[in-house]
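User: Could you take me on a close look at one part of this model, the sheet with its hairpin and whatever packs around it? I would enjoy a connected walk through it, with a glance at the surroundings at the end.

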Amino acid sequence: GIGSTEMLHVFLSNRPGDVRYGTTGKPVPGYEIELRGEDGQPVPDGEIGDLFIKGPSAALMYWNNRAKTRDTFQGGWTKAGDKYTRDLDGYCTYAGRNDDMLKVSGIYVSPFEVEATLVQHPAVLEAAVIGKLDADGLTKTKAFVVLKNGAQATEAELQAFVKEKLAPYKYPRFIEFLPELPKTATGKIQRFRLRERETPQG
């Protein structure tokens with residue numbers, strides 16, 4: 001399940017007897033969700049949208065932060081800062097934080113989804129995916145991969161592996177192998193450090 005500081009409660013969850021693995025489940029009784037596009041309108045099932053929640057436990061505002069308050073608390077709705085999809089049965093699946101999402105060829109790509117696919121390869125220990133500008137200034141996916149001890153895999157092999165499992169436009173156009181990924185003290189991957197690696201210093 002998922003909750004947030006702003007909602008002070010879990011608002012989406014799987015529950016005993018109603019579990020769909022890989023999803024965050026359905027809205028908890030008393031809570032409503034909407035997935036909205038960039039135009040603020042609800043997106044169709046199966047498409048990635050911004051998660052908005054309505055429920056009785058929502059905070060009123062952020063202390064001394066009017067701009068963030070106006071962006072997050074919109075009428076009765078609270079903007080989560082996460083992207084989600086919802087399937088036809090109403091189960092919601094996490095796609096990524098808004099600031100981690102990539103737009104490739106005008107379509108949202110979830111780095112989380114590409115990473116989760118890469119780590120299914122038997123040679124891959126960990127993976128982190130970011131956006132990288134190509135020679136034409138277009139955003140493409142780049143994966144940083146840590147292989148398991150003694151394992152081997154090529155860039156082409158991993159690209160083909162992802163193409164088999166996901167829509168073709170989602171495969172990482174670039175793959176760089178690293179001995180380890182930058183992480184916080186709690187083990188969270190620091191994608192911003194990887195983005196910094198790709199930014200030319202001038």
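**The hairpin and its sheet**

Analyst: Happy to. In this predicted model, β11 and β12 are joined by nine bridges and pair in the antiparallel sense. The two strands make a hairpin with five residues between them. In the turn, G137 has a positive phi of about 80 degrees. For one rung of this ladder, look at V124, whose bridge partner in β12 is L147.

The hairpin belongs to an open sheet of three strands, ordered β11-β12-β13, and the pairing in it is mixed. β11 and β13 (174-177) are the edge strands, each pairing on one side only. On average, neighbouring strands of this sheet are turned by 25 degrees against each other, direction ignored. The mixed character shows up when you move on from the hairpin: β12 and β13 run parallel and are joined by four bridges. There, F174 in β13 has K142 standing opposite.

Now add the helices. α3 lies across β11, β12 and β13, and runs at about 125 degrees to β13. Helix α4 (residues 191-198) also packs on the sheet and touches β11, β12 and β13. The direction of α4 makes about 50 degrees with that of β11. In the loop between β13 and α4 you will find Q190. With a relative accessible area of 15%, Q190 falls under the 20% limit and therefore counts as buried. Neighbours within four places in sequence aside, Q190 is in contact with P182, K183 and T184.

What fills the space among these elements? The largest nonpolar core has 17 residues, and those with the most contacts inside it are V114, L118, V129, A143, V145 and L158. At least two residues of this core come from each of β9 (102-104), α2, β11 (124-133), β12 (139-147) and α3 (155-165). β11 gives the largest share, three residues. In soluble globular proteins, nonpolar side chains tend to be buried together.

L118 is a good place to stand inside this core. If you set aside its neighbours within four places in sequence, L118 is in contact with V124, A127, V129, A143, V145, L158, F161 and V162. V124 is the residue we met as the bridge partner of L147. A second, separate core of 13 residues includes M7, F11, L12 and L35.

L12 also brings us to another sheet. This one is open, with three strands in the order β1-β2-β3 and antiparallel pairing. Its edge strands are β1 (2-4) and β3 (26-27), each of which pairs on one side only. Strand β2 (residues 9-13) and β3 run antiparallel and are joined by two bridges. L12 stands opposite P27 in β3.

Back to α2, which contributes to the largest core, for a look at the aromatic rings. A search of the whole structure finds three aromatic pairs. One of them is formed by Y84 and Y94, an edge-to-face pair with 5.8 Å from centre to centre and 70 degrees between the planes. Y84 lies in strand β7 (residues 77-86) and Y94 in strand β8 (residues 92-97), so this pair ties together parts that are ten residues apart in sequence. Y84 counts as buried, at 1% relative accessibility, whereas Y94, at 24%, counts as partly exposed. Y94 has another ring partner: its ring centre is 4.9 Å from that of F112 and the planes are at 80 degrees, so this pair is edge-to-face. The pair links distant parts of the chain, with Y94 in strand β8 and F112 in helix α2 (residues 111-118), 18 residues apart. F112 is partly exposed, with a relative accessible area of 41%. Through these ring pairs, Y84, Y94 and F112 are linked into a cluster.

Two lysines also deserve a glance for their place over aromatic rings. K163 lies over the face of Y171, 4.3 Å from the ring centre. The charged end of K26 sits over the ring of Y91, at 4.5 Å from its centre.

Notes:
Residues numbered from 1 in each chain as written. Heavy atoms only, no water. Phe/Tyr/Trp six-rings, centres within 6.5 Å; stacked < 30°, edge-to-face > 60°. Buried < 20%, exposed > 50% of the residue type's maximum accessible area, 1.4 Å probe, protein only. Lys NZ or Arg CZ within 6 Å of the ring centre and 35° of its normal. Core = buried A, V, L, I, M, F, W, Y, C linked by side-chain atoms within 4.5 Å. Contact = heavy atoms within 4.5 Å. Pairing = 2+ DSSP bridges. Axes fitted to C-alpha atoms, helices over the stretch in contact; angles between N-to-C directions.
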